[in-house]
Amino acid sequence: MAGGGFVAEGRSGRNYEGGVTGFVIVTCLVAAMGGLLFGYDLGISGGVTSMPSFLDQFFPSVVKKMKGAHESEYCKFDSELLTLFTSSLYLAALVASFAASVITRKFGRKPSMFFGGLSFLIGSILNGVANGIGLLIIGRLLLGVGVGFANQSVPVYLSEMAPAKIRGALNMGFQMAITIGILVASLVNVGTSKIEGGWGWRVSLALASVPAVMMTIGAIFLPDTPNSILERGFTEKAKTMLQKVRGTDNVEEEFKDLLDASEAAKKVDHPWTNILKPQYRPQLVMCTIIPFFQQLTGINVIMFYAPVLFMTLGFGDDASLISAVISGGVNVLATLVSIFTVDKFGRRILFLEGGVQMFICQILVGTLIGVKFGLNGEGTLSKFDANLILFLVCTYVAAFAWSWGPLGWLVPSEICPLEIRSAGQAINVSVNMFFTFIIAQVFLAMLCHMKFGLFYFFAGFVLIMTVFIYFFLPETKNVPIEEMNRVWKAHWFWGKYIPDEVIIGGPVGKHDDDA
């Protein structure tokens with residue numbers, strides 16, 4: 001039964017019949033649980049690395065620094081080995097995303113999700129039982145493989161399953177799961193930090209197995225997408241699945257577009273070579289620039305180093321973990337705002353408003369820290385100052401959570417035609433993971449050397465990315481994925497790269513709401 005009828009109308013006037021079925025809602029919710037893997041790890045890492053028992057076991061040099069009488073507040077957590085613990089995951093995810101691209105294309109989205117969940121499960125077990133830094137890093141690398149496979153397959157799965165009219169909201173289930181994972185991890189850290197005997201960090205790390213089991217089992221029972229089934233040559237099976245997903249037998253028009261796109265994709269033997277062609281220039285640029293900018297917002301500084309950052313700013317051990325819970329809660333609520341507005345107001349307005357809000361917050365945080373700690377890192381925060389910084393951080397997190405957070409995954413996953421979709425998503429994930437790795441690896445050193453100027457550094461990038469979105473990203477809401485070339489053709493800059501013959505449904509004109 002359809003949960004609510006609608007006609008999905010593309011910009012070209014092409015109508016796809018069908019409703020928002022309970023079947024597609026459930027499958028998308030299950031698939032989005034892959035975001036829990038990423039979110040839980042983002043939230044758990046910073047909390048664990050602020051626990052004295054964990055640092056005593058693996059990073060005694062950091063403990064010695066923290067106890068130093070004359071150590072600058074900016075530098076007391078600066079340790080390459082400590083950052084390697086956090087960042088090694090993202091390096092593994094970067095490499096894994098390329099392997100996931102091949103598997104996702106040749107065998108479907110389901111095997112990638114299953115393998116990602118299984119790898120994450122093994123990694124979480126190894127982390128929970130680790131007694132040496134070697135086993136700890138191996139576990140992190142396996143977690144990274146899981147994240148790489150999940151981030152490659154889940155956003156594509158969601159974009160292909162969802163009707164165009166609510167594709168943004170359903171795809172953002174992935175980001176919602178990430179934010180829930182972060183919040184749950186922060187709550188777990190608060191609880192495990194109180195465990196007597198110094199083994200609470202083991203519980204925090206081992207509990208990553210819970211979202212891993214959910215992902216692995218879910219992948220077994222999920223159906224594959226009509227696009228993926230068609231891509232592998234099962235035409236009738238793909239049509240049957242599309243009818244089930246849309247809740248109607250009358251899917252001829254949408255299926256014909258999928259079939260045309262699939263036939264075009266089969267002519268492409270090397271999607272990695274193909275995506276370099278001029279006609280795919282908009283997708284190549286967006287799948288590279290958007291994840292690059294997403295990490296240069298500085299969000300992961302807040303998310304996986306939140307407890308460490310708050311401790312650096314003078315919050316106590318418990319206060320830093322609780323502050324991370326507060327910012328994590330804001331993250332979840334603000335993502336809900338995005339889910340309910342992205343298909344109504346569009347992608348561009350959320351990108352632009354979020355960018356302005358993040359810029360203002362980062363300038364204010366940097367200025368406040370600069371006034372209180374100066375260049376030498378010596379100073380203290382009053383209760384009012386601490387609460388003000390927490391408020392500004394939460395306002396910044398909210399802006400990210402309804403803009404660059406979910407849209408950084410949604411837009412790249414919905415703009416690529418079938419013949420380059422696996423390559424485009426692999427680029428998106430690998431660029432994201434590469435710069436997550438870089439930021440994770442150098443952040444504590446940057447904080448030590450750039451001091452409060454670090455927040456100005458990220459604010460500068462937020463300004464640049466907001467201007468980029470204004471001029472170069474057209475609106476993509478309500479546009480069927482297979483008709484996305486019409487949007488690029490109508491754009492003032494990208495139109496020159498798109499040949500007329502790749503446009504489904506004939507010539508396209510300029511639209512008022514295209515940038």
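In the predicted model, residue A459 is placed in helix α22. With a relative accessibility of 0%, A459 counts as buried, since the cut-off for that class is a relative accessible area under 20%. When neighbours within four places in sequence are set aside, the contacts of A459 are F359, Q362 and I363. A further spatial relation links A459 to G355: the two residues are separated by 104 residues in sequence, whereas their C-alpha atoms are 9.3 Å apart.

Helix α22, in which A459 lies, spans residues 453–472 and packs against helix α21, which covers residues 418–450; the axes of the two helices come within 8 Å. Two packed helices are described by the angle between their axes and the distance between the axes. For α21 and α22, the crossing angle is roughly 130 degrees, and α21 is therefore oblique to α22. This assignment follows because angles over 145 degrees would count as roughly antiparallel and those from 65 to 115 degrees as roughly perpendicular. On the α21 side, the contact is formed by I439, F443, M446, L447 and M450, which meet G453, L454, F457 and F458 of α22. By class, the residues of this contact comprise eight nonpolar and one polar, with no charged residue.

A second buried position was examined in helix α11, which runs from residue 226 to residue 231 and contains S228. The relative accessible area of S228 is 1%, so this serine is classed as buried. Apart from neighbours within four places in sequence, S228 is in contact with G108, R109 and E160.

Open space in the model was also analysed. Rolling a probe the size of a water molecule over the atoms shows where empty space is left. The largest pocket has a volume of about 380 Å³. Its lining consists of 20 residues, and those nearest the centre of the pocket are D260, A261, A264, E419 and V502. Two elements, α13 (252–266) and α23 (484–490), each give two or more residues to this lining. Of the elements, α13 makes the greatest contribution, with four residues. The lining of the largest pocket is made up of nine charged, eight nonpolar and three polar residues. Charged residues are thus present in the pocket lining, whereas the contact of α21 with α22 has none.

Terms used: Residues numbered from 1 in each chain as written. Predicted model: local features only at pLDDT ≥ 70, side-chain atom pairs only at ≥ 80, totals over all residues. Heavy atoms only, no water. 1 Å grid on protein atoms, 1.4 Å probe; cavity = no way out; pocket = protein on both sides within 12 Å on 5 of 7 lines; lining within 4 Å. Points joined across faces, edges and corners; volume = space filled by probe spheres on them. Nonpolar A, V, L, I, M, F, W, Y, C, P; charged D, E, K, R; others polar. Axes fitted to C-alpha atoms, helices over the stretch in contact; angles between N-to-C directions. Parallel < 35°, antiparallel > 145°, perpendicular 65-115°, else oblique. Contact = heavy atoms within 4.5 Å. Buried < 20%, exposed > 50% of the residue type's maximum accessible area, 1.4 Å probe, protein only.
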